[in-house]
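Hi everyone, thanks for making time for this. I'd like to walk you through one structure today, so let me put it up on the screen.

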Amino acid sequence: MRKNGNFSDKLPIQMRLAKRKTKKDIFRYLFILFRICCILDKEHTSNSICSVYFQKIFPFIINTIVVLYAIVNTPLVAFHTSNLSVNRANATITVSSLIHRWILCSRIDKLHNLSFHLIASSRRRNLYSEKSKHKLIYIWSSFSILGLAYLGICSVLSIYPHPLDPLILKHIESWTLLKIFIRTVYAVVMVTMMILPVSVFAMYYTAMCQYLCGMLKKFRKSLQATANRDYGEILKFYLFIRKLVSDIDSELSILMFSSSLYYASTTYFGLTTIIHQDDYWKDVAILPLSTVWVLFATNFAAFMTMTVSGSSIYDESANIWSVVQETISPEQNLTPTQKRFLSVAEKELAMTAWKIAPVKRSFIIATLGTIVTYCILLDSL
């Protein structure tokens, strides 16, 4: 039983064993992608003095570059004279992705520990499925990386006015190689440091929800299959799962909220091309316009996958409540343990967005409706 502190502060023996046994686990793959984004966790470095200093200094340098990128890019893009609506949408994407990166960098070690705690707990309670290969996430990551690579290449090659034109590029028109180099650095920072971390977190969130949903599903099936039920053990088991969901949600809910803000910004980015069709098809070339739709499509798919996987936890807990109602008849004489199990199973169990809104199926429709409404409202200002 845990007495004080969050379970992500100290690693129990089961976590360390899980780390040795899951070299090909989906979470190791995702944390490799986080490292590509220069979001480093403590686990990949040794305890040597050089590694400790590298872990502190390198992220500081990278995050300083990202902040400078945001400081320079946001006002230049927001007040660029050409296509004001899309440039302001681009500025909101920059700000929302920067906020998400800050939160992610501050919590990356906790996320690392959360994943191993989840695997160790599911194995210890015999709720771990070795058959779960998360093929969807591997395919999703491949398409996301290809889409972002296309976005970066188009940013370098496009003849459409660049956000850095008024500051740097117009002064070095004759320096072709230097101009391409600056555009390349700009594109690399934009793709790997700003956009990719949001996509990788969406994959991480989906993987965590898949594990939790699998645990709930296996608990429900065992509840249905058991004839002579020990409700004391069943209650203890279910409280453990609920506590696990609650602890994971407490760490991920704010990141779910910040990523939702980012996805709202990209949706606004995509909707501007629909609202202002004449301006886009007249002033914007096909190449940059295609990047808007690639960004919109990949991020919309990521948002839908996140919310659907999050809502599956609520759906599965509702299924457990239905099974409990079938197995425990209110007409029979109930023991105190059965009464408590009924009261616990009746309570809502769901992931949340910053503890504000539970992630259910209705959350998907409400969020999309709100995003579209505010996008149209802001565009009319």
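Let me start with one pair of helices: α6 and α9 cross in a left-handed way. Please keep in mind as we go that this is a predicted model. The axes of α6 and α9 come within 9 Å, and the crossing angle is roughly 20 degrees. With an angle under 35 degrees, the two helices count as roughly parallel. What kinds of residues make up the contact of α6 with α9, by class? There are 17 nonpolar residues, seven polar and three charged.

One residue on the α6 side is worth a stop, and that is R220, which sits in helix α6. Is R220 buried or exposed? Its relative accessibility is 15%, so R220 counts as buried, the cut-off being under 20%. Once we set aside neighbours within four places in sequence, R220 is in contact with E316, N319, I320 and V323. If you want to find those partners on the screen, look along helix α9, which covers residues 286-327.

Now let's zoom out for a moment. The chain has eleven helices and two strands. Going along the sequence, we pass ten helices, then β1 and β2, and then a final helix. Of the 381 residues, 51% count as buried. The exposed surface comes to about 19,400 Å², and carbon and sulfur atoms supply 64% of that. Here is a number for those of you who like contact maps: among contacts with a separation of 6 or more, 82% are between residues 24 or more positions apart.

Back to helix α6, residues 176-225, because it has another partner to show you, α2. α2 and α6 pack at an angle of about 165 degrees, and their axes are 9 Å apart. That angle makes α2 roughly antiparallel to α6. The crossing of α2 and α6 is left-handed. In terms of residue classes, this contact has 16 nonpolar residues, one polar and no charged ones. Which residues take part? On the α2 side they include F27, L30, F31 and F34, and on the α6 side they include T192, L196, P197, F201 and Y204.

Next, helix α9 and its packing with helix α11, which spans residues 361-380. Here the angle is about 150 degrees and the axes are 8 Å apart. From α9, the contact uses F300, F303, M304, T307, V308, S311 and D315, and from α11 it uses R361, F363, I364, T367 and L368. Those residues divide into seven nonpolar, three polar and two charged.

Let me move over to helix α4, where I picked two residues. The first on my list is I93, which lies in helix α4. With 5% relative accessibility, I93 counts as buried. Leaving out neighbours within four places in sequence, its contacts are Y262, S265, T266, F269 and L295. There is also a nice pairing across the sequence: I93 and T267 are 174 residues apart along the chain, but their C-alpha atoms are 9.8 Å apart in space.

The other one is S121, also placed in helix α4, residues 84-124. How accessible is S121, and what does that make it? The value is 0% relative accessibility, so S121 counts as buried. Not counting residues up to four places away in sequence, S121 touches F240 and L244.

Last topic, and one for the backbone enthusiasts. Most residues other than glycine have a negative phi. Which residues here go the other way? One of them is C38, which is not a glycine and has a positive phi of about 65 degrees. You'll find C38 in the loop between α2 (26-36) and α3 (49-78), and at 10% relative accessibility it counts as buried.

W354 is another, with a positive phi near 55 degrees. W354 is in the loop between β1 (352-353) and β2 (357-358). Its relative accessibility is 44%, so W354 counts as partly exposed.

That's my tour. Thanks for listening, and I'm happy to rotate the view to any of these spots.

Notes
Residues numbered from 1 in each chain as written. Predicted model: local features only at pLDDT ≥ 70, side-chain atom pairs only at ≥ 80, totals over all residues. Heavy atoms only, no water. Helix = DSSP H or I, 4+ residues; strand = E, 2+ residues; numbered from the N terminus. Buried < 20%, exposed > 50% of the residue type's maximum accessible area, 1.4 Å probe, protein only. Contact = heavy atoms within 4.5 Å. Areas by Shrake-Rupley, 256 points an atom, 1.4 Å probe, with all protein chains shown as cover. Axes fitted to C-alpha atoms, helices over the stretch in contact; angles between N-to-C directions. Parallel < 35°, antiparallel > 145°, perpendicular 65-115°, else oblique. Left-handed = near helix turned anticlockwise from the far one by under 90°. Nonpolar A, V, L, I, M, F, W, Y, C, P; charged D, E, K, R; others polar.
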